[in-house]
Structure formats: C-alpha cells, structure tokens
Amino acid sequence: MNITKNRYILLIFMLNLLLIVCNSFMIVNNPIYISIVDRQDVSKTEKSSINNIYELNKDKVVNIQCEMDAYNGQNSKSYGTGAIIAKSKKYLYIITNYHVIKEADKILINNDIIVSSMAEKVGENTEYDFSIVRIDNYYNQIESFDLNIEKKAVYIGDEIVSLGNAIGQGISMSYGIISAIDRVVQEYNENIEFIQIDAAINEGCSGGPLINMNNEMVGIATMNASPMYTDGIAYAIPIYLIYDYIIEILNEYEL
C-alpha cells in the first residue's frame, strides 16, 4: 500500500516538474509560428472569390516606407510592400524584396490596423532578392499568410491576385493568371526562376504577396518587365524557391 502511494506521489511530482520545465521553455524561447501548406492537388480544394481573397488578406499586407538620410540634410523616401509570413508573441515577421529596403536608414510599416511602426531588419538573402523585417506584435487579430511551398501546386493558367502599395497610396489589388514558370531574367538575376504573371506589379508593389485562389501565398511580387517593350509581363519570386532560406533566417530569432 505504501509502495503504491509513494509511486503515486512520485508520479505527481514528476508531472509538475515537467510542466514547469515546459512552461519555462515556452517563455524563454517565445516560438515563431509559420503556417505551411504543401498541397499539390489544388483542383480538389474550395476556391475563394476574388473579393474574399482581398478581404481575408488585406490586413496581412503592409505598406513600407523607406527613408534614406541624405548628405545635404534632406531625407529621401521610397515605397514598397511587405507580407506578414510569421508571428510570435512579441513580433510580426514581414517579408519583402531586398531591393525595396536595401538603402533604407529607417523602415516604417503600416496598414489599416497597424499604426506606423519602426521595423527592425532581421535577415536578408541578396542572391534571391528578399529580406525579412519585424515589428512589435501589438495586434492579436492579425494572422500570417499560409505559405504554399509545393512547386507542383503552381500551374500555368492558374488565377492569382497581387496586393501591393501601388505608387505609395496604400494597398490595392491586381488580378491575372500565371503565364509561365521557371522564367530567368538574365539582366535582373540569373539565379531566380521566376513565376511570370500578367497581373500588374506597379511602382510600390514590389515585395507584396502573390496569392492563389486557395488563399495561399505562392510568391513575392517583384517587378514588371520593361514597359517600353512589353505589356502584361511581370515576375514573382516563388515561395517554394526560397522557403528553406526563410526558415534559416527565422531560426535565428526564436528568442
């Protein structure tokens, strides 16, 4: 009888100790949450309407304002877009194009929910033209994008939506289809095999999300082809191409 009682007491003690250790781990490490989709057969999933895609994702997209200190004492500004791809209890993590923020001395983030917030650079990959920044997470109602990391889920002819801070006037939407995949633009970056789309990526929209009809982020809207010689040709960096590098950067910030 005493042996059974002692075992019971020891079991309760060990469970309490395990609970304390787990709670301490969660507090110390403040884990980052990122939503991944590796769905290949998108034909069997229920698709959203274009309006629903805008409503469901507009708060996950941010306006980026970059300020550069000038030698003559006058600051210059530029604009871009970012997408919230991960979150922790303390921070929201935002991806954008490296070329959008590379010269910025100050990066300001905002949207309809986020009051203008100073962003901190987290990491970058110049080879694949993307950067990640973070801001304090005061916004429990904001979710991050579902990232589709499966190349077989990206098909020529798929409908897509691009959300971006066009000419610095706030988030707007463009719509089109995937025109081609594995496009290399030699004069821009021969390392990237782009998704080619016919949706416009106007000035200020670089860094914004490319979203499929399943409400998943499949790319980063990056640039239009030269408007002097083309019409309806734009390029996005595929999430499946850069996902491993994204995780490498985020793994350094689990504190």
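This is a short talk on the strands, the nonpolar cores and a few single residues of one structure. Keep in mind that the model is predicted.

I will start with strand S10, residues 159-165. S10 pairs with strand S11, residues 171-185, and the two run antiparallel, joined by seven bridges. One position you can look up in that pairing is Gly164, which stands opposite Ser172 in S11. Between the two strands there is a hairpin with five residues, and in it Ile167 takes a positive phi near 45°.

Moving along the chain, S11 also pairs with strand S12, residues 189-197. Here there are four bridges, again with an antiparallel arrangement. Val185 stands opposite Asn189 in S12. The hairpin that joins S11 to S12 passes through three residues.

Back to S10 for one residue, Ser162, which has its place in that strand. Is Ser162 buried or exposed? Its relative accessible area is 1%, and the cut-off for buried is under 20%, so Ser162 is buried. Leaving out residues up to four places away in sequence, Ser162 touches Ser172, Met173 and Ser174, and also Pro209, Leu210 and Ala221. As background, side chains in a regular strand alternate between the two faces of the sheet.

Next, the nonpolar cores. The largest has 34 residues. Which residues have the most contacts inside it? They are Ile95, Phe130, Ile132 and Met217. Helix H4, residues 239-250, gives the most to this core, with five residues.

Of those, take Met217. Setting aside neighbours within four places in sequence, Met217 is in contact with Ala83, Ile85 and Ile95, then with Phe145, Asp146, Leu147 and Asn148, then with Pro209, Leu210 and Ile211, and finally with Ile239. Pro209 and Leu210 are also among the residues that Ser162 touches.

Apart from the largest core lies another one, of 18 residues. Its members include Cys66, Met68, Val133 and Tyr139.

That brings me to the cysteines. Cys66 has 0% relative accessibility, so it counts as buried. Cys205 counts as buried as well, because its relative accessibility is 5%. How many disulfides does a search of the whole structure find? The search finds zero.

To recap, S11 is joined to S10 by seven bridges and to S12 by four. The largest nonpolar core has 34 residues, and another, of 18 residues, lies apart from it. That is all I have.

Notes:
Residues are numbered from 1 along each chain as its sequence is written. This is a predicted model: local features need pLDDT of at least 70, side-chain atom pairs count only at pLDDT 80 or more; totals for chains, interfaces and linings use all residues. Side-chain values use heavy atoms; hydrogens and water are left out. A disulfide is a pair of cysteine sulfur atoms within 2.5 Å. Buried means under 20% relative accessible area, exposed over 50%, partly exposed in between (1.4 Å probe, protein chains only). Contact means heavy atoms within 4.5 Å. A nonpolar core is a set of buried Ala, Val, Leu, Ile, Met, Phe, Trp, Tyr and Cys residues joined through side-chain atoms within 4.5 Å. Two strands pair if DSSP finds at least two bridges between them.
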